[in-house]
Amino acid sequence: MLGLLKPRTCYVKEFLKAFRQTNRLRKLSVSCQPDEYIRRFILDNTEVSGQQSLTPEVKLRLFTPNCRFWRERPELWPFDDPFWAIYWPGGQALSRYLLDNPAVCRGRTVLDLGSGCGASAIAAKLCGAARVVANDIDTVAAIAAHMNFELNGLEPPVCLTNNIIGSQTEGFDLILLGDMFYDEALATSLHSWLDRCIRTHGTTVLIGDPGRAQFEEHGIRRLLLQLAQFELPESVREENHGLTCSGVWCYRPEL
């Protein structure tokens, strides 16, 4: 799919671009597929990875150049875009921060919003969170997160696949958002919803992002207190167009 001569700096962008361009050609409805079929599909088309990330202690099933669909024609992929199969740099920074500061999660109820592969939810559970909820609107992502929890010797979390942004939710102590500020409209809806969660429940909100333009230029940026910054491993830099660092911020509306 990508071509053997493509430089690694193009891999992630072209990989997902190809899936988006052929999304309307998907052949199977996820709702019609039993979980066991999806689990087998994930097992057959991902590789246990993560050792070259910011969190080598967390094992994840991801797409790598060794996987069939790294080069296979994307129209043969039967589901929605596989964002869950990439360990994005904002999620890596957020997960690393939690593992380095376990008291942030210990004994708390945690929501991992846009959970993808579930890495930040896994980090929260490893740090002693009392309850972890992973939310992603992609049903396949929810199954992948379950599998990744099991891969790390953890009981699977509660997984929600409805869009909860803007809705009334239970009072989470901590909300995690890794790489969620990739679209201006989404960032704006997140801004107002997070404000309400903080005012209503006193929720702590942590955001991981490598400094994408949609994040840096949004009004929410002035309300964030940076807690940490991490240099990305070389392989992660290459796969993300030369991004060198990824940071973690705390959302502080009173700033």
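This passage walks through the fold of one predicted chain, from overall numbers down to single residues.

The model is predicted, so local features are reported at pLDDT of at least 70 and side-chain atom pairs at pLDDT 80 or more, while totals for chains, interfaces and linings use all residues. Residues are numbered from 1 along each chain as its sequence is written, and side-chain values use heavy atoms, with hydrogens and water left out.

Starting with the whole chain, there are 8 helices and 9 strands; these are DSSP runs numbered from the N terminus, with helices being H or I over at least four residues and strands being E over at least two. The chain has 255 residues, and 52% of them count as buried. Here, buried means under 20% relative accessible area, exposed means over 50%, and partly exposed is in between, using a 1.4 Å probe and protein chains only. The chain exposes about 11,400 Å², and carbon and sulfur atoms supply 50% of that area. These areas come from the Shrake-Rupley method with a 1.4 Å probe, and for residues only the protein chains shown count as cover. Contacts (heavy atoms within 4.5 Å) often link distant parts of the sequence: among those with a separation of 6 or more, 70% are between residues 24 or more positions apart.

Next come the aromatic rings. A pair of aromatic rings is described by the distance of the centres and the angle of the planes. Rings of Phe, Tyr and Trp (its six-membered ring) pair if their centres lie within 6.5 Å; planes under 30 degrees apart count as stacked, over 60 as edge-to-face and the rest as tilted. By this rule the chain has 12 aromatic pairs. In one of them, Tyr-37 and Phe-41, the ring centres are 6.3 Å apart and the planes sit at 35°, so this pair is tilted. Both residues belong to helix α2 (residues 35–45), where being 4 residues apart puts about one helical turn between them. Tyr-37 is partly exposed at 31% relative accessibility, whereas Phe-41 is buried at 13%. Phe-41 also pairs with Phe-79, this time edge-to-face, with 5.3 Å from centre to centre and 80° between the planes. Because Phe-41 lies in α2 and Phe-79 in the loop between β2 (60–62) and α3 (89–100), this pair ties together parts that are 38 residues apart in sequence. Like Phe-41, Phe-79 is buried. Tyr-37, Phe-41 and Phe-79 are members of one aromatic cluster, which also takes in Phe-63, Phe-69, Trp-77 and Trp-84.

Helix α2 has a packing partner too. It packs against helix α5 (residues 139–151) at an angle of about 65°, with the axes 10 Å apart. Axes are lines fitted to C-alpha atoms, for helices over the stretch in contact, and angles run from 0 to 180 degrees between N-to-C directions. Angles under 35 degrees count as roughly parallel, over 145 as roughly antiparallel, 65 to 115 as roughly perpendicular and the rest as oblique, so α2 is roughly perpendicular to α5. Residues making this contact include Ile-38, Ile-42 and Leu-43 of α2, along with Val-140, Ile-143 and Met-147 of α5.

Helix α5 also holds Phe-149, which is buried with a relative accessible area of 1%. Not counting residues up to four places away in sequence, Phe-149 touches several others, among them Gly-118, Ile-122, Val-132 and Pro-157. Its C-alpha atom is 8.8 Å from that of Lys-59, although the two are 90 residues apart along the chain.

A second helix pair gives another picture. Helix α3 and helix α4 (residues 119–126) pack at about 0°, with axes 9 Å apart, which makes α3 roughly parallel to α4. Among the residues that meet here are Leu-94 and Leu-98 in α3 and Ala-123 and Leu-126 in α4.

A few single residues round things off. Asp-179, in the loop between β6 (174–178) and α6 (184–201), has a positive phi of about 60° although it is not a glycine; this residue is buried, at 9% relative accessibility. Gln-229, by contrast, sits in strand β8 (residues 224–231) and is exposed, at 53%. Leaving aside neighbours within four places in sequence, Gln-229 is in contact with Cys-245, Ser-246 and Gly-247.
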